[in-house]
Amino acid sequence: MKSYRMLIGGEWVDAASGQSFETENPFTGTAWATIPRAGTEDVDRAAQAARKAFEDPAWGQISATARGALLRRFADLLAENADRLADIETRDNGKLIAEMRGQLRYMPQWYHYFAGLADKVEGRVIPIDKPGVFNFTREEPLGVVAAITPWNSPLMLATWKLAPALAAGNTVLWKPSEFSSASALEFGRLFEESGFPPGVVNIVTGFGNEIGSHIVSHPQVDKVAFTGGDATGQSVYELAAKSIKPVTLELGGKSANIVFEDAVLDDAVKGVVSGIFAASGQTCIAGSRALVHRSIYPAFVEALVAFAKTARIGDPSRDDTQVGPITTRPQLAKVLGYIDIAKAEGATLALGGKRATEAACGDGWFVEPTIFTDVSPDMRIAQEEVFGPVLAVIPFDNDEEAIAIANGTIYGLAAGVWTQSIARALTMSQRLRAGTVWVNTYRAVSYMSPFGGFKRSGIGRESGLSAIREYLQEKSVWIDISGNVPNPFVQR
Ligand code: NAD
């Protein structure tokens with residue numbers, strides 16, 4: 001059993017209480033490492049360490065170019081350690097090794113991108129309307145950023161916060177999910193090795209329901225960057241409001257993959273399958289609803305089921321596995337519960353529909369790739385986020401109806417459109433109420449392109465040029481250059 005410690009103020013420590021918890025391998029169902037179980041006292045220490053580091057000239061006074069250099073060094077170390085981290089993530093989280101290697105080899109790009117941006121943040125000189133006064137703006141870091149992240153893409157989703165937050169000059173208190181803390185702690189070693197001053201990145205591991213609200217409401221925390229479920233996101237938002245803290249929230253989704261009658265069917269089938277069965281549907285951008293034009297509905301469903309059946313389920317550490325386990329025990333129960341709900345609602349089960357127990361799955365927490373057809377848009381299976389390999393297929397008759405169904409949930413994270421018509425592609429990309437629209441592709445993300453949700457899928461954007469603004473605040477500076485002190489009782 002490996003035993004991890006957490007990172008507070010540049011030191012690797014146990015929880016003050018001495019408590020720890022076990023982290024399990026979803027493929028074997030067995031514990032493989034222990035993780036410190038932080039309490040509020042540990043959060044206090046981490047928040048104070050982050051504040052101290054923010055105020056220390058070793059971080060607070062270095063140039064933006066020097067911050068960029070540190071981020072580049074981290075990017076290089078990350079690239080060197082990508083495959084090792086991928087192995088750890090697969091063991092701890094059950095993510096496919098093939099996907100993790102790809103994700104980790106790509107991840108350094110975020111640090112290079114924001115490293116480049118660090119010294120291109122500029123203020124403005126305002127051509128102010130008042131004579132004898134010079135007015136300009138400064139862009140300043142917020143201070144201590146709390147990053148709270150989920151288990152489904154642990155390092156990537158943390159990277160989307162840490163890279164811009166550090167580039168902007170903040171310090172960070174990061175709480176990874178209790179289901180995926182091991183890789184976060186390995187990440188901490190690389191921050192240390194890159195030369196970030198102690199306390200700039202602090203990693204506190206523990207349970208959201210024990211320390212989450214203490215982090216969010218902590219007086220030393222200046223901003224909360226959260227990714228997770230929308231119910232947790234709502235409580236984070238409410239709590240942050242009490243101390244008037246800015247937040248970014250990346251929450252859930254019920255994204256629609258819309259297949260029009262003029263789509264290239266084979267491509268659309270692949271797109272729909274990758275949208276829902278990749279990562280076993282445990283992604284916020286899962287295309288968990290397929291909206292299919294009625295004229296091609298029977299042919300599409302037949303091809304979809306046939307292709308989905310070929311997905312190889314099993315050991316996530318094998319290069320050729322396509323569908324891995326569900327990451328957590330509670331999530332397994334939740335996914336199976338939604339399958340029961342869909343059956344009770346009267347949806348037609350076209351594929352899968354139960355826990356997968358074949359030999360390749362061992363004792364792991366697997367759910368068969370599951371497809372429900374004849375789903376109506378008001379069913380719970382068409383409205384609520386399952387976060388598992390469960391697809392709801394819904395027929396539609398015309399473009400207006402497709403838009404209404406696609407937009408007809410509380411979420412607005414992403415949408416896919418399958419068509420050969422450029423006019424339809426442009427109209428759909430305008431009318432779909434989602435932060436990302438993909439046309440004839442799905443699941444593409446980049447460090448250069450903004451990512452975030454409409455409606456209940458979130459607030460703020462990650463990645464891309466504007467993301468660094470989420471970690472900055474603007475200051476207006478006024479300087480009298482007239483030499484005359486005007487009447488102090490009249491506003492200038
Ligand atoms: P979750 O909301 O249960 O937990 C997310 C994080 O919040 C964890 O670190 C958890 O410990 C912490 N937390 C729990 N209770 C808290 C509280 N009261 N205060 C503060 N923090 C608390 O989510 P999860 O189950 O880990 O992840 C799955 C969810 O994340 C899904 O709903 C998914 O859609 C969403 N997600 C969204 C995106 C996106 O970018 N939009 C990306 C990935 C996942």
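Let me start with the second largest pocket, where helix H1 (40-55), helix H2 (57-60), helix H3 (64-80) and strand S7 (133-141) each supply at least two residues of the lining. I should say straight away that what we are looking at is a predicted model, and I would ask you to keep that in mind throughout.

Among the elements that line this second largest pocket, S7 gives the most, with five residues. The lining as a whole comes to 21 residues, and those that lie nearest the centre of the pocket are Arg67, Arg138, Glu139, Glu140 and Pro141. If we sort that lining by class, we find nine nonpolar, five polar and seven charged residues, and the space in the second largest pocket is about 480 Å³.

Turning now to the largest pocket, its volume is about 790 Å³, and its lining is made up of 38 residues, with Pro150, Phe226, Gly228, Gly229 and Thr232 lying nearest the centre. At least two lining residues come from each of helix H9 (208-216), strand S11 (223-227), helix H10 (230-242) and helix H13 (329-345). By class, the lining of the largest pocket has 15 nonpolar and 16 polar residues, together with seven charged ones.

Where does the largest pocket lie with respect to domain 1 and domain 2? Because domain 1 (2-251 + 457-476) and domain 2 (256-439) both give residues to its lining, the largest pocket lies between them.

Let me move on to the ligand, which has 27 residues around it, and of these Thr149, Glu178, Thr232, Leu251 and Glu385 come nearest. Thr232, which I named a moment ago as one of the residues nearest the centre of the largest pocket, has a side-chain N or O atom 2.7 Å from an oxygen atom of the ligand. At Leu251, by contrast, the backbone is involved, with an N or O atom that lies 2.6 Å from a nitrogen atom of the ligand. Gly208 also takes part through its backbone, where a polar atom is 3.3 Å from an oxygen atom of the ligand. On its own the ligand has 840 Å² of accessible area, and the protein covers 87% of it.

Finally, a word on the enclosed spaces: how many cavities of 30 Å³ or more are there? The count comes to three, and the largest cavity has a volume of about 90 Å³. Of the 13 residues that line this largest cavity, Gly94, Lys95, Ala279, Gln282 and Pro325 are the closest to its centre. Its lining divides into four nonpolar, seven polar and two charged residues, and at least three of the lining residues are drawn from each of domain 1 (2-251 + 457-476) and domain 2 (256-439). Both domains, then, contribute to the lining of the largest cavity, just as both give residues to the lining of the largest pocket.

Methods:
Residues are numbered from 1 along each chain as its sequence is written. This is a predicted model: local features need pLDDT of at least 70, side-chain atom pairs count only at pLDDT 80 or more; totals for chains, interfaces and linings use all residues. Side-chain values use heavy atoms; hydrogens and water are left out. On a 1 Å grid over the protein atoms alone, a cavity is a set of points where a 1.4 Å probe fits but cannot get out, and a pocket is an open set with protein on both sides within 12 Å along at least five of seven lines; lining residues have an atom within 4 Å of a point. Grid points are joined across faces, edges and corners, and a volume is the space filled by probe spheres set on the points. Helices (H or I, at least four residues) and strands (E, at least two) are DSSP runs, numbered from the N terminus. Ala, Val, Leu, Ile, Met, Phe, Trp, Tyr, Cys and Pro count as nonpolar, Asp, Glu, Lys and Arg as charged, and the others, Gly among them, as polar. Domain bounds come from an automatic or database domain assignment. A residue is near a molecule or strand if one of its heavy atoms lies within 4 Å of it. A polar contact is a pair of N or O atoms within 3.5 Å; within protein, one must be able to donate a hydrogen and the other to accept it, and residues adjacent in sequence count only if both atoms are side-chain atoms. Accessible areas come from the Shrake-Rupley method with a 1.4 Å probe; for residues, only the protein chains shown count as cover.
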